[in-house]
Amino acid sequence: MAALVREDGARAPEQGRRGCEHYDRGCLLKAPCCDKLYTCRLCHDNKEDHQLDRFKVKEVQCINCEKIQHAQQTCEECSTLFGEYYCSICHLFDKDKKQYHCEYCGICRIGPKEDFFHCLKCNLCLAMNLQGKHKCIENVSRQNCPICLEDIHTSRVVAHVLPCGHLLHRTCYEEMLKEYDKVLETAG
């Protein structure tokens with residue numbers, strides 16, 4: 001078994017925000033794949049040559065008392081709150097952003113839940129104002145963004161639904177529009 005190693009990017013509570021650039025949390029995840037401690041799966045994946053399966057995380061380490069314990073919302077030793085929001089399925093710890101776990105998506109989404117519905121054909125959570133008003137494409141969220149070619153389903157970037165029903169990351173869509181405007185300016 002590999003020795004426990006703390007990931008470099010973790011911030012101590014005295015520096016203001018707890019956790020990393022991705023999440024505000026009071027614990028480190030013990031990666032079951034390599035037995036290293038990381039603030040989050042994204043920090044792990046950026047430094048390792050393999051990915052951390054968030055669903056297999058069983059243990060966390062408190063950032064205050066450093067006790068390693070089973071994944072839960074509050075430290076059993078010093079009562080540190082690991083996250084205002086905690087999902088025992090995804091092992092997501094973060095400040096409260098009105099997150100909810102979608103059974104169909106299999107992951108947590110930023111809500112509030114009552115503002116979204118899950119389209120079974122598209123296999124994705126969409127804003128309520130799109131219910132009955134979007135073009136369904138089977139499993140559209142399981143495709144990569146056609147601009148950056150990265151995953152849309154598990155991305156932390158919000159998806160933009162095009163009138164044709166396809167998805168782009170909102171940031172990719174906005175950059176594409178900026179480039180399109182530049183082309184129009186130089187052509188005109």
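Of the 188 residues of the protein, 41% count as buried. The structure described here is a predicted model. The accessible surface amounts to about 11000 Å², and carbon and sulfur atoms contribute 50% of that area. Along its principal axes, the C-alpha trace extends over about 60 × 40 × 30 Å.

The protein contains two helices and 12 strands. Followed along the sequence, these elements are arranged as β-β-α-β-β-β-β-β-β-β-β-β-β-α, with a helix after the second strand and another at the end of the pattern. Among contacts with a separation of 6 or more, 32% join residues that are 24 or more positions apart. As for charge, the protein carries 26 positive and 28 negative charges, and the mean positions of the two sets lie 3 Å apart.

A good place to look more closely is Gln-69, which belongs to strand β4, spanning residues 68-70. Gln-69 has a relative accessible area of 3% and therefore counts as buried, the limit being under 20%. What does the side chain of Gln-69 reach at 3.1 Å? The partner is the backbone oxygen of Lys-67. The side chain of Gln-69 also makes a polar contact with the side chain of Gln-72, at 2.8 Å. Leaving aside residues up to four places away in sequence, Gln-69 touches Lys-58, Glu-59, Val-60, Cys-62, Thr-74, Cys-75, Glu-76 and Phe-82.

Phe-82, one of the residues touched by Gln-69, leads on to the aromatic residues. The structure holds three aromatic pairs. One of them is formed by Tyr-86 and Phe-93, whose rings are stacked, with 4.5 Å from centre to centre and 25° between the planes. The angle of 25° is under 30 degrees, so the pair counts as stacked. Tyr-86 and Phe-93 are both buried. Together with Phe-82, these two residues make up one aromatic cluster. Phe-82 thus appears both in the aromatic cluster and in the list of residues touched by Gln-69.

The loops offer some backbone details to inspect. Ser-79 is found in the loop between β4 and β5, the latter covering residues 85-87. The phi angle of Ser-79 is near 65°, a positive value in a residue other than glycine. Is Ser-79 buried or exposed? With a relative accessible area of 56%, Ser-79 is exposed, because the value is over 50%.

A positive phi is also found at Asn-139, at about 55°, although Asn-139 is not a glycine. Asn-139 sits in the loop that links β10 (124-127) and β11 (159-161). Its relative accessible area is 32%, so Asn-139 is classed as partly exposed, between the limits of 20% and 50%.

Another loop, between β8 (107-110) and β9 (116-119), contains Pro-112. The peptide bond leading from Gly-111 to Pro-112 is cis, and its omega is near 15°.

Finally, the chain can be followed into helix α2, which runs over residues 170-187 and includes Glu-175. Glu-175 is partly exposed, with a relative accessible area of 42%. How far is Glu-175 separated from Thr-186, 11 residues apart along the chain? Their C-alpha atoms are separated by 17 Å.

Definitions and conventions. Residues numbered from 1 in each chain as written. Predicted model: local features only at pLDDT ≥ 70, side-chain atom pairs only at ≥ 80, totals over all residues. Heavy atoms only, no water. Helix = DSSP H or I, 4+ residues; strand = E, 2+ residues; numbered from the N terminus. Buried < 20%, exposed > 50% of the residue type's maximum accessible area, 1.4 Å probe, protein only. Contact = heavy atoms within 4.5 Å. Areas by Shrake-Rupley, 256 points an atom, 1.4 Å probe, with all protein chains shown as cover. Lys, Arg positive; Asp, Glu negative; His and termini not counted. Charge placed at Lys NZ, Arg CZ, Asp CG, Glu CD. Polar contact = N/O pair within 3.5 Å; in protein donor to acceptor, adjacent residues only side chain to side chain. Phe/Tyr/Trp six-rings, centres within 6.5 Å; stacked < 30°, edge-to-face > 60°.
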